[in-house]
Amino acid sequence: MQEGSCAKVPQNRLLNIGSKKNGLLFFKYLSFLFATAWFTVKRERRIFLDTLKIPGRHSKMLCLRQVCLFPLRRYQARTLCSDLLLSQINGCTHEDEVFSLVGRNKARLSEKHVGVALNMLWQLQKKRPFLLRTSDYVRNHSQFLTLCILAENKVECMEDEVIVDTLYSILRLNVEDHISLAKVLVTEAWKRLERLSLPALSKFALCLYKQHRHFSPIIGQVAHVVDMKLDSIQDIRILSVLMISISDVITESFRDRLLHKAEQLLEEKNKVHFSYARRTLQFLQNVRLRYHPLLEKCNRIFLESASHLDIHSISHIFGLYEQLGFDNAEFRLVVKQLLSETIDDYYDPESFAKLFFALGPMAGSKVRERLLGTAAHMAEEFSSHQVLMILRTMQKMKCRNSHLLKKMASVLHKHLDSYRVLQLVKLTQYLVVLHCQDLELFAKLKMLLLGCLKSTVIPADTAAIIRVLAMLPSFHVDEIIINKAAAVLPQCRLHHLNCIATALVKWNHHGQLHWQNSSELCAKLLQKLNDCGFQRLQKANNLNLLLEELTHVNGEWFEELLNEETMAMCQHLIDQITWANVLPLSFFLIKSDHRCPALFDRIASVTVANIDKVPPSEIYFILFLFSSLNYDPPDNEEFFKSCIQHLTSNLSRLETYHLVLLGHVLAMAGYFPPVLITTIFNVSFLSKLDAQLKVLPDTVKQRVHSSLMKLNRAVCLECPEFHIPWFHEPYCQRVFHNSTSRINPQRQHIHRMLIEILGGSDYSRISVLTPYYYEIDFECVLDVNKKPLSYMVQNILLDGVGAIHLRHDIKDEGRKALPPGAQRIALEFLDSKAFSKDYSRHLKGEPAVKKRHLEMLGYRVVQIPHFEWNSMVLSTKGEQLKYLRKQLYTEYSDVRHAV
């Protein structure tokens, strides 16, 4: 008997089987096993036939085959050390050694030998750096084909783990998914799915994921097995692989169970490998969920494992963070230091492109110039994907380096045909934003995009192409684009409808529709588009799905036509508001700038009831909603007290710059928690903040700087007991000198009317800076008899930064005291940005705070809303003068005297 058959014979017997005597004994032993099995079959035959309901002759053959395989499999079970050939395969240090053994021992190879050999080929490749791997050589070797044929013939005899390991090895060697061996291995593993061990199940699920079987029935069955065995999984490595593999076929409740289990396993005291945390992030990205507790745990693991992260892992983590809308300044700082120290190690195109992506947006000027120079030098070597990565990073860096941009554009000409639809869309967007001047490249992109538009049947792709075509300079709109848009409208989501509407309005406004009856056709399409938007909203019955659609919706079309309808639908679904969706709902309400009391009250009550479940990092956005729109819920004190208590007990979990943003948003609402204020206004805290701001995006950096200044101003004015000094004068001077003037024709018109009312230009000032750098539109001073005081006579120095001595105790030595009973008046013209966009036109938080602070500085504040000034009632000059006089001379019972 040959060793290549299903039955394995121990090595010591194989060595002696050539003798006639030993061979006779061996076959007698086999005959005994067969006889024993046959008697067992006869005894159980009737029960077996009744169960299977198979005709007798066929059932006999089936039963015989099964029982024969059973003793043979038991007979072949031996340890690896008892098999000399297995030991030799395991001892190989090069692929050629494995192939040599296979070639010399084809007749002796069992299924275990084949599985170990294929696995060894992958292990040898795995030990090498990615660029030095020789997978092509291995796949094209004649003995590799021999191994594949042997594995396919022996697959039914393989043990469960060997089947999965073999499948994993050939896939990692980049063998095509459609070859017969891969199909046979998948089929056999599917038959044994429920009996696979958890490690084997996770490896098999990963193989299916790599084969892109995201929605196949077998993945659904894997998910079912995971659901049944979830409580028994105690290894985050196994769980993380299973999570990303089944992420496309799970329910929301099953997703939540997986998240809870992952949280438990990531909290284990044993150190968790960063790759398991990275897979967990990948799962969150797959299910499109920003779950902060898990994100924070994964980030902690990355920080603990920072010294082990390579550039491939770092770029992958940054990419996932970007897609999940998560950021961490401490991780950025660690990565910046790590990459800056090893910048010379990345000299190949792949690793350098990832270095550029990770380090570029937070690099200092010297490192930035070095990265740009190296990228330009290496441009010709970049692949199509790497060029896309470089351009994407340049957009994030707001870098319009003409030399590098020309290099990238010249390289793109040879790569254009390799891009998929959405990659072409992104590429066009990057080039337009970066002001690329290569008209030939744009012409090629236009032709490719139009070709994709004609062939695609996916509504999302259609909308994306139309959106980016509208960005192209001097684009001539063909009628086929309008017809294509009309065809997909009924299938479009709100975001896609918004993209198409924005493009149509832009083309129509710029006169880019040149064919006959184009305006009429465009009007009909816009009307159909509006109808589709209303119908989609009216069919909404799930708040979570609606909020998911609203995430990326913005622009004039949505605001003018669908905002009110969307608010009504959210109110209709108000009972579906839970602690899990208050964050996306708050995002939408902040973006819409609408003040909806019913929704606000529901958010407040749900937040208070579930305050322990809401992550501290999400509290900021909920508080920002109420503070920015200046809304007080019915239980205002309880709401803010609960939020503040939750925040102060979790300060250590919050980022440094998050504390500044929180302090500002609470100050806007009139709350100054002592623990938070003393934490922020501390030298060590501010030093740490300065370090972190250097690696944050410019938009975040500017917002944090502005929030810290406003918080400093609010604390000085409203809480002098903290004894916090005013230290933002240099910052305010820089901002003031770099800002554009607020003086516009409308304000100049109002100023001329004030001069006419007060009796001369010496009695009023325009665009005045106050202590603590508030800029007010107009200022005048009235004496006790309501007569204007001249600035020349009183020598009141208010209109120069250099003439103002700013101090935290508000004693301005540059301003002389006013006569007894005199009063400073600040007139503010409030444009549409100062009010909510709903019908209530309620004053928002920032202008309300400014009014409060100006009153503390001794002003009587007169606010002129734009909707009153521009109304039909005030359409004549006489009515406007009458209105201003009334506002200026109206008595207020709580008028404060100037300081």
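The protein chain comprises 45 helices and four strands in what is a predicted model. Of its 899 residues, 51% are buried. The accessible surface of the chain amounts to about 43,800 Å², and carbon and sulfur atoms contribute 54% of that area. Among contacts between residues at least 6 apart in sequence, 74% join residues that are at least 24 apart.

Helix H35 illustrates the packing of one helical element. This helix spans residues 636–648 and contains 13 residues. The distance from its first C-alpha to its last is 18 Å, close to the 18 Å expected at 1.5 Å a residue. The buried residues of H35 are Asn636, Phe639, Phe640, Ser642, Cys643, Ile644, His646 and Leu647. An α-helix has 3.6 residues a turn, so residues three or four places apart point the same way. The partners of the buried residues of H35 are three helices: H33 (597–609), H34 (616–628) and H36 (656–668).

A long-range link was found between Lys506 and Ala470. Lys506 belongs to helix H27, which covers residues 494–509. The two residues are separated by 36 residues in sequence, yet their C-alpha atoms lie 7.3 Å apart. A polar atom of the Lys506 side chain is placed 2.6 Å from the backbone oxygen of Ala470. Lys506 counts as partly exposed because its relative accessibility is 33%, a value between the 20% and 50% cut-offs.

His751, by contrast in its setting, is part of helix H41 (residues 745–758). With a relative accessible area of 15%, His751 is classed as buried, since the cut-off for this class is under 20%. Its side chain forms a polar contact of 3.1 Å with the side chain of Ser764. When neighbours within four places in sequence are set aside, the residues in contact with His751 are Ser764, Arg765, Ile766 and Phe778. Of these, Ser764, Arg765 and Ile766 fall within strand S1, which runs over residues 764–769.

Strand S1 also contains Ser767, a residue with an unusual backbone angle. Most residues other than glycine have a negative phi. The phi of Ser767, however, is near 55°, a positive value in a residue that is not glycine. Ser767 is partly exposed, its relative accessible area being 22%. A second case is Arg841, whose phi is positive at about 50° although the residue is not a glycine. Arg841 is located in the loop that connects strand S3 (823–830) to helix H43 (845–856). The relative accessible area of Arg841 is 43%, and the residue is therefore partly exposed.

Nonpolar side chains are also found at the surface. Phe130, Leu131 and Leu132 make up a nonpolar surface patch, with a combined accessible area of about 370 Å². Phe130 is situated in the loop between helix H6 (111–126) and helix H7 (135–139). Because its relative accessible area is 58%, Phe130 is classed as exposed, the cut-off for that class being over 50%.

Note on methods:
Residues are numbered from 1 along each chain as its sequence is written. This is a predicted model: local features need pLDDT of at least 70, side-chain atom pairs count only at pLDDT 80 or more; totals for chains, interfaces and linings use all residues. Side-chain values use heavy atoms; hydrogens and water are left out. Helices (H or I, at least four residues) and strands (E, at least two) are DSSP runs, numbered from the N terminus. Buried means under 20% relative accessible area, exposed over 50%, partly exposed in between (1.4 Å probe, protein chains only). Patches are made of residues with over 30% relative accessible area and no salt bridge: like charges are joined within 9 Å, nonpolar side chains (Val, Leu, Ile, Met, Phe, Trp, Tyr) within 5 Å. Accessible areas come from the Shrake-Rupley method with a 1.4 Å probe; for residues, only the protein chains shown count as cover. A salt bridge is a side-chain nitrogen of Lys or Arg within 4 Å of a carboxyl oxygen of Asp or Glu. A polar contact is a pair of N or O atoms within 3.5 Å; within protein, one must be able to donate a hydrogen and the other to accept it, and residues adjacent in sequence count only if both atoms are side-chain atoms. Contact means heavy atoms within 4.5 Å. The expected span of a helix is 1.5 Å times one less than its number of residues.
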